[in-house]
2 protein chains.
Amino acid sequence: MPAVAKTSDREIVAAAKKFVARHGHEALSMQAVADAVEVRAPSLYKRFDGRDAVLRAVQREAFREFGAALEREQGTGSASERIRGLATAYRAFARRHPRLYAAMFAEVEALDDDDLAVRKAAALPLLRALAPLVPETTRLEIARALTAFIHGFVSMELSRSFRLGGEPEPAFERGLAALLHGLQTG
Amino acid sequence: MPAVAKTSDREIVAAAKKFVARHGHEALSMQAVADAVEVRAPSLYKRFDGRDAVLRAVQREAFREFGAALEREQGTGSASERIRGLATAYRAFARRHPRLYAAMFAEVEALDDDDLAVRKAAALPLLRALAPLVPETTRLEIARALTAFIHGFVSMELSRSFRLGGEPEPAFERGLAALLHGLQTG
DNA sequence: ACCTGAACACCGTTCAAGT
DNA sequence: ACCTGAACACCGTTCAAGT
């Protein structure tokens, strides 16, 4: 006699993502998700392999949203203005969803092909914006250097690692300008 | 009747640090530390307020070691060669102690004055190396931009976030060179 | 086919009782 | 003064039993 489904993959991921956005990925528990979708915790194991699988599903959703936010930023202007726009959109996403952004980089046990696909997709807008500016041979290196700077800056900002006074703002502007200038002349 | 002390703050921190270096900070438990120093877990609470306090003590030790490694790098050569040396020493420390490096940035409940002091001390070598190169008014910004790049790069490298093929090495060299060049001309 | 209670092996933490 | 066992409220996860 088939028991009626009280929830779904989609609802579970949405509830988990909402919880992570509010309380952080460290606090994510199967109990909390189960409560939110009104089943008992063991029922979640019919749909997800465990906490790690739920967290990875949240990460996939977050990377999709993040990638979409960057895609939306494909505005007009020069190539280097477009890159600035992407950097700003990147930082804005992280500041708007700080706990979700942190969760995107939480360690998980193993990434499957879907996990890798959404991560790679989020890297494409920057690579496209760099295309008119730098040759294909060095494009990936330059994208990595830019991403390292933006990710590092945003991570330090969100974890309040800038403790020597002053605003972080000018350091972001200066670093970005220096990289854009140096990467073209280098 | 005073009971004999079976352990000490020092021994507990050393055991916890060793555990974190081996298994990562997420796996750190009071039980594991207690086993290592041969007491029962509740005894640890006579010396530390809880898991968070133990983890913060590990972070302090790690930041001290890290700062000392950077101090040691105060070699000869031009200012920008010294900065390159610091960046390389930074990255080398993170690669030599990947789990300890990750643990240094683990979220903890609240930092006390000692926590802040060791973090600030670790930032000084770079600020000193920048002194002959850039005026005091922009030095902190520039240090932050450099640190953001190095930390971001190392974090991505250690979490295997570079998944589009090729070696990370040239991206580090290129980004660092671009920043050093751009920061001086900007 | 999906849901559940009960159970297991863990956590962090508190506290009364020992010496 | 420090250590301990017992206990409490949690975890993640498994599984037999329900419908």
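**Exercise 1. A charged pair across the interface**

Which residue forms a salt bridge with A:Arg174, and how far apart are the closest N and O atoms?

*Solution.* Keep in mind that this is a predicted model.

Step 1: find the partner. A:Arg174 pairs with B:Glu141, and their closest N and O atoms sit 2.6 Å apart. The cut-off for a salt bridge is 4 Å, so the pair qualifies.

Step 2: place both ends. A:Arg174 belongs to helix α8 of chain A and B:Glu141 to helix α7 of chain B, so this salt bridge joins two chains.

Step 3: check how covered each end is. A:Arg174 has a relative accessible area of 24%, so it is partly exposed. B:Glu141 comes in at 18%, so it counts as buried. The dividing value here is 20%.

**Exercise 2. Sizing up the interface**

Work out how many residues of chain A and chain B are in contact, and what the side of chain A that touches chain B is made of.

*Solution.* Step 1: count the residues. On chain A, 39 residues are in contact with 39 residues of chain B.

Step 2: look at the area. About 3,300 Å² is buried between chain A and chain B, and carbon and sulfur atoms give 68% of that. On the chain A side, A:Arg144, A:Leu164 and A:Arg174 supply 22% of the area that chain A buries against chain B, which is more than any other three residues manage.

Step 3: tally the polar links. The interface of chain A and chain B has 2 salt bridges, and 4 residue pairs are in polar contact across it.

Step 4: trace the contacts back to helices. On the side of chain A that touches chain B, the elements giving two or more residues are α6 (113–130), α7 (136–158) and α8 (169–185) of chain A. Of these, α7(A) gives the most, with 14 residues.

Step 5: sort by residue type. The side of chain A that touches chain B splits into 18 nonpolar, 12 polar and 9 charged residues.

**Exercise 3. Chain A as a whole**

Describe the secondary structure of chain A, its extent and how its residues are buried.

*Solution.* Step 1: list the elements. Chain A has 8 helices and 0 strands, so to speak a run of α-α-α-α-α-α-α-α along the sequence.

Step 2: get the extent. Taken along the principal axes, the C-alpha atoms of chain A fill a box of roughly 70 × 40 × 30 Å.

Step 3: check burial and surface. Of the 186 residues in chain A, 48% are buried. Chain A exposes about 9,500 Å², with 51% supplied by carbon and sulfur atoms.

Step 4: look at how far contacts reach along the sequence. Take the contacts in chain A between residues at least 6 apart in sequence: 69% of them join residues at least 24 apart.

**Exercise 4. A histidine with neighbours in both chains**

Is B:His151 buried or exposed, and which residues does B:His151 touch?

*Solution.* Step 1: locate the residue. B:His151 lies in helix α7 (residues 136–158) of chain B.

Step 2: apply the burial cut-off. The relative accessibility of B:His151 is 6%, so this residue counts as buried.

Step 3: list the neighbours. Leaving out residues up to four places away in sequence, B:His151 touches A:Gly152, A:Ser155 and A:Met156 from chain A, plus B:Tyr90, B:Tyr101 and B:Phe105 from chain B.

Step 4: pick out the polar link. The side chains of B:His151 and B:Tyr101 make a polar contact of 2.6 Å.

**Exercise 5. Salt bridges within a chain**

Compare where the partners sit in the pairs A:Glu157–A:Arg91 and B:Glu61–B:Arg64.

*Solution.* Step 1: get the overall count. Over all chains there are 25 salt bridges.

Step 2: take the chain A pair. A:Glu157 and A:Arg91 bring their closest N and O atoms to 2.7 Å. A:Glu157 is in helix α7 of chain A and A:Arg91 in helix α4 (residues 79–96), so the pair ties together parts 66 residues apart in sequence. A:Glu157 is buried at 14% relative accessibility, and A:Arg91 is buried at 6%.

Step 3: take the chain B pair. For B:Glu61 and B:Arg64, the closest N and O atoms are 2.5 Å apart. These two are 3 residues apart in helix α3 (residues 51–72) of chain B, so about one helical turn separates them. B:Glu61 is partly exposed at 28%, as is B:Arg64 at 42%.

Step 4: look for a network. A:Asp52, A:Arg56, A:Arg60, A:Asp112 and A:Asp115 are linked by salt bridges into one.

Key
Residues are numbered from 1 along each chain as its sequence is written. Chains are lettered from A and ligands numbered from 1 in the order in which they are written. This is a predicted model: local features need pLDDT of at least 70, side-chain atom pairs count only at pLDDT 80 or more; totals for chains, interfaces and linings use all residues. Side-chain values use heavy atoms; hydrogens and water are left out. Contact means heavy atoms within 4.5 Å. Buried area is the accessible area (1.4 Å probe) that two parts lose on being put together, summed over both. A salt bridge is a side-chain nitrogen of Lys or Arg within 4 Å of a carboxyl oxygen of Asp or Glu. A polar contact is a pair of N or O atoms within 3.5 Å; within protein, one must be able to donate a hydrogen and the other to accept it, and residues adjacent in sequence count only if both atoms are side-chain atoms. Helices (H or I, at least four residues) and strands (E, at least two) are DSSP runs, numbered from the N terminus. Ala, Val, Leu, Ile, Met, Phe, Trp, Tyr, Cys and Pro count as nonpolar, Asp, Glu, Lys and Arg as charged, and the others, Gly among them, as polar. Buried means under 20% relative accessible area, exposed over 50%, partly exposed in between (1.4 Å probe, protein chains only). Accessible areas come from the Shrake-Rupley method with a 1.4 Å probe; for residues, only the protein chains shown count as cover.
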